[in-house]
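I opened a fresh page for this one, coffee in hand. Below are my notes, in the order I looked things up.

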Amino acid sequence: MTIKTDALPITVRHVTKTYGSVYALNDVSIDVRQGEFLTLLGPSGSGKTTLLMVLAGFTRPNQGSLLFGDEEVIRKPPHLRNLGMVFQNYALFPHMTVSGNVGYPLRLRKIPKNEIEERVAEALQLVQLDGLGDRQINQLSGGQKQRVALARSIVFEPRILLMDEPLSALDKKLRDQMQIELRRLHERLGMTTVYVTHDQREALTMSDRIAVLNNGKIMQLATPQDLYDFPQNKFVADFIGESTFLKVEKSRHSLIAGGVKLKTTQPIHNADKVALLIRPERIHILETKADKNMNVFDAVVSNLVYQGDSFLLYAVLADGTEIAIRGTIQNDNFVRLPKPGEPVRLGLEASDTLVIPDE
Amino acid sequence: MSNAISNLNNINSTDGLNAKGLRQDEWLERLKLFGLGSPALILILVILVIPVGWLFYVSFIGADGSFSLENYERMIASKSYARIFKTTFQVSILTTILCILIGYPLAYFMSQLPSKIANLCLITVLLPFWTSLLVRTYAWLVLLQKKGLVNDWGISLGLWEDPIKFVHNLNGTLIGMVHIMLPFLILPTYGAMKAIDKDYLKAASNLGASPVRSFWTVFFPLTTPGLLAGSLMVFVLCLGFFVTPAVLGGGKVIMVSMKIVSNIELFVNWGAASALGVVLLLITIATLWIASRFLNLNNIAGGGH
Amino acid sequence: MFKWLKNPATETQITHGGRLWLYVISTIIMILLVAPTLIVIPMSFSDSLYLEFPPKVWSLRWYENYFGSYEWMLATRTSLIAAFLTTLVATPVGVIAAYGLHTSRFPFIRLAFVTMIMPMMVPVVLVAIGAFYAFVKLKILYTITGLVLAHTIMAVPLVLIVTGAALKSYDMNQENAARSLGAPRWKAFLTITLPQIRFAVVTSALLSFLTSFDEVVIAMFISGGDNPTLTRNMFNALRDQIDPTIAAISTIMILVTTLMVIFAQIFGREK
């Protein structure tokens, strides 16, 4: 089994899928780069699974074009698309052993028996299930089943791999472990991978790029860092990481939020309604005088939560909005923090001041 | 259904990329899968639907070959036909009631047993199913006849003196019908009983209900869907039943199905037979339709087996 | 034993003793369900013309009568061949129909399903005379072909319901997985789905066999001549007089169906 397969890029153009009057996918276009690990992220009903199913060929869109490399495949049935797929509940065949499952795609391709044995062994080794070939499926743990499903989907060296929330049935510890393993496997094999999840932490950990979906549309497609630091709309900002939003009033020359005229070095989106995005760890408690490039807010502390290595301070602005501020605990600073009822000054750097469309 | 069609046809005339081709693919696939049902459909159309349609037509043809309602008129006017319908309903209703009275306790008994024993008891209920109807009917004929087992034992035990006529009458017919129909009632009822959450009864008991009270106010109402499904099946089957009344009735119990058969076998009167058949079919459909207002008929398919 | 009577039978504290009447009645009912059929068996070995129980003199004369009679043997042959052929036809026809109904998103599925189970809902008599008329026209009256066709439409509803139920509780994702791995739908069905609904398919085959083998009313009309069925001849014999040969035949029928059920259990068993 070769490593670093010849991965294919995926081109999706104008894919629309309706069920009655509901748009599961609304004119979706996206480019998946060759060898990239792209995650489709979104809440349930966002269309992420539908899009994956369109890629796999199980859902037929109303219209659209789908290219694997240079080849138009939108009308190709699933069994001719030659991609690997890992299902949410693994969909392993209970009437076959582990080897039987993993060898199934090879038998379909009429590969000679001894070669099948070799490649099955290699695949099992790759997912760290050496020697478990003869086990029955019902004898496996959840984590093992997941790996068998993975081995089965890569043993025939597909150039594209699809995964539908494969880790959602595992407990947290196993899930964290598998995230790293999947990522490592991807780097080793190099095939273009499209991964679906609703867990933003998972997406941030594993992906080269993330496409955030909502209501059948792509809200933003960017690297994890860009999504976190520079979300382009309220939905993405809300979905990824924690945030508070302040209403922003646009007057002729300035933006005012929380009674403060905003200084910002970030580009301001040209939307009618905008909001100020504040991440808890980007806003600070001001103990000394603010410098020029800071937006300063006066607030009253409403709650102070101790979290071991960090604290969460909740403070209310003049207009009633509550902001969360997170800071690390060091040098006994916790005791010096303002208590509920006391006033506090908060500072937000201009470079951290993000004004985004409010929709 | 119309959603599916309009869904596909609503992709408006400004057809997007590959829309036409994708639409074609979709319909082709649907057709292929539906086509899998075509052998069954064709068979049933040819052997059942069309002939029954023809029978419907024939029932309106008179003795002289022209359109007439005489077959139906004869049915309404004739006393013997009235008696036949009366008998049919009588037998059906009595059988259903007897099945409920006998079958419900047995179903309840089985539902209270631990799984392994219950499954064994279930076999005794299913055993009649895979014995031929004819064999079972014959067995009762043998048992109930004048020189049969029941009379022999009854007399030798001193319970009665002269052989009682158990068969070739309504009683014999009922005994045979009940024996054959019982499994149809027991299975859905048992299914419904097994599905009842034991917590309901515990709650009732906790709230102060005596076992008898909690049975009638909590358990029994929850079993009614299964019981009704079973009763409906029994009733509908009885309406059209032929073999058992024919053998055990001794010519005294004439049901609609038997009259249909004799109309053809003895009198070759297709008109009369068809008219009767149409009426029987309509009664069956009416019964099912009325019942569907109160029941979810899908349960019969899953719950019975 | 008396101590057991005092034990609670349920969590609501009814004792076994309090329910004794239920246990007794139920046992009686179960005996009555099974006994009549079974009594035929020893009776068939009675020498007497009057079917006694227990038999005073044991003999095989009724079996000799049966096996020695050309008519009975012909009828048996017809019934067995028809039953096997019905199984061979009805099971695949019904299974693929069930699969098609389960997976197709075609608009008229409800209607198709109702049509396919119509033979079960319509009174048998009507099916019988309808088939009789159709077969006269198609010139297949009194043939095994006709028998098989008529019995098939009686069996298909059962196959549909049993297989349909199995498909409903089956995880279709496995078939999808197989298709994503390179198997066209039919191959995925044969290699993945079918092995897992095996029990339902075997049960369907068994039900098809029994439906045909035991069927009386339709056979009365469309079998005869060179191809009478066992049930048809038995029914006619019953109407005339009580020939104890029928007890022997009944016993053999019970034997055949029991064997079939055992086969079904063996073939349908999970590994």
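Into which domains is chain C divided? I found domain 1 at 2-62 and domain 2 at 64-268. A reminder to myself before going on: this is a predicted model.

**Entry 1: the two domains of chain C**

I looked up the spacing, and the C-alpha centres of domain 1 of chain C and domain 2 of chain C are 32 Å apart. Then I turned to the contact, where 10 residues of domain 1 meet 10 residues of domain 2. On the domain 1 side, α2 (20-43) and α3 (61-68) of chain C each bring at least two residues to the surface that touches domain 2. The largest share there is from α2(C), with four residues. I also sorted that side of domain 1 by class and got seven nonpolar, two polar and one charged residues.

**Entry 2: where chain B meets chain C**

Next I checked the contact of chain B with chain C, to which each chain gives 73 residues. On the chain B side, helix α3 (residues 38-58) gives the most, with 13 residues. By class, I noted 53 nonpolar, 15 polar and five charged residues on the side of chain B that touches chain C.

**Entry 3: chain B as a whole**

I then stepped back to chain B itself, which has 15 helices and zero strands. Its domain assignment gives domain 1 (17-58) and domain 2 (81-304), and the C-alpha centres of these two domains of chain B lie 36 Å apart.

For the overall form, I read a radius of gyration of 26 Å for chain B, against near 19 Å for a compact globule of 305 residues. The box filled by the C-alpha atoms of chain B, along the principal axes, is roughly 90 × 75 × 30 Å. Of the 305 residues in chain B, 41% are buried. Among contacts in chain B with a separation of 6 or more, 74% join residues 24 or more positions apart.

**Entry 4: one helix of chain B**

Last, I picked out α7 (residues 133-144) of chain B. How far does this helix of 12 residues reach from its first C-alpha to its last? I found 17 Å, close to the 16 Å expected at 1.5 Å a residue.

Why is α7(B) largely enclosed by the rest of the structure? Because 12 of its 12 residues are buried. The buried residues of α7(B) include Arg136(B), Thr137(B), Tyr138(B) and Trp140(B), along with Leu133(B), Leu134(B) and Val135(B).

Methods
Residues are numbered from 1 along each chain as its sequence is written. Chains are lettered from A and ligands numbered from 1 in the order in which they are written. This is a predicted model: local features need pLDDT of at least 70, side-chain atom pairs count only at pLDDT 80 or more; totals for chains, interfaces and linings use all residues. Domain bounds come from an automatic or database domain assignment. Two residues are in contact if their C-beta atoms, placed from the backbone, lie within 7 Å. Ala, Val, Leu, Ile, Met, Phe, Trp, Tyr, Cys and Pro count as nonpolar, Asp, Glu, Lys and Arg as charged, and the others, Gly among them, as polar. The expected span of a helix is 1.5 Å times one less than its number of residues. A residue is buried if 20 or more other C-beta atoms lie within 10 Å of its own, exposed if 12 or fewer, and partly exposed in between; C-beta atoms are placed from the backbone. The radius of gyration is taken over C-alpha atoms; the globule rule is 2.2 Å times the number of residues to the power 0.38.
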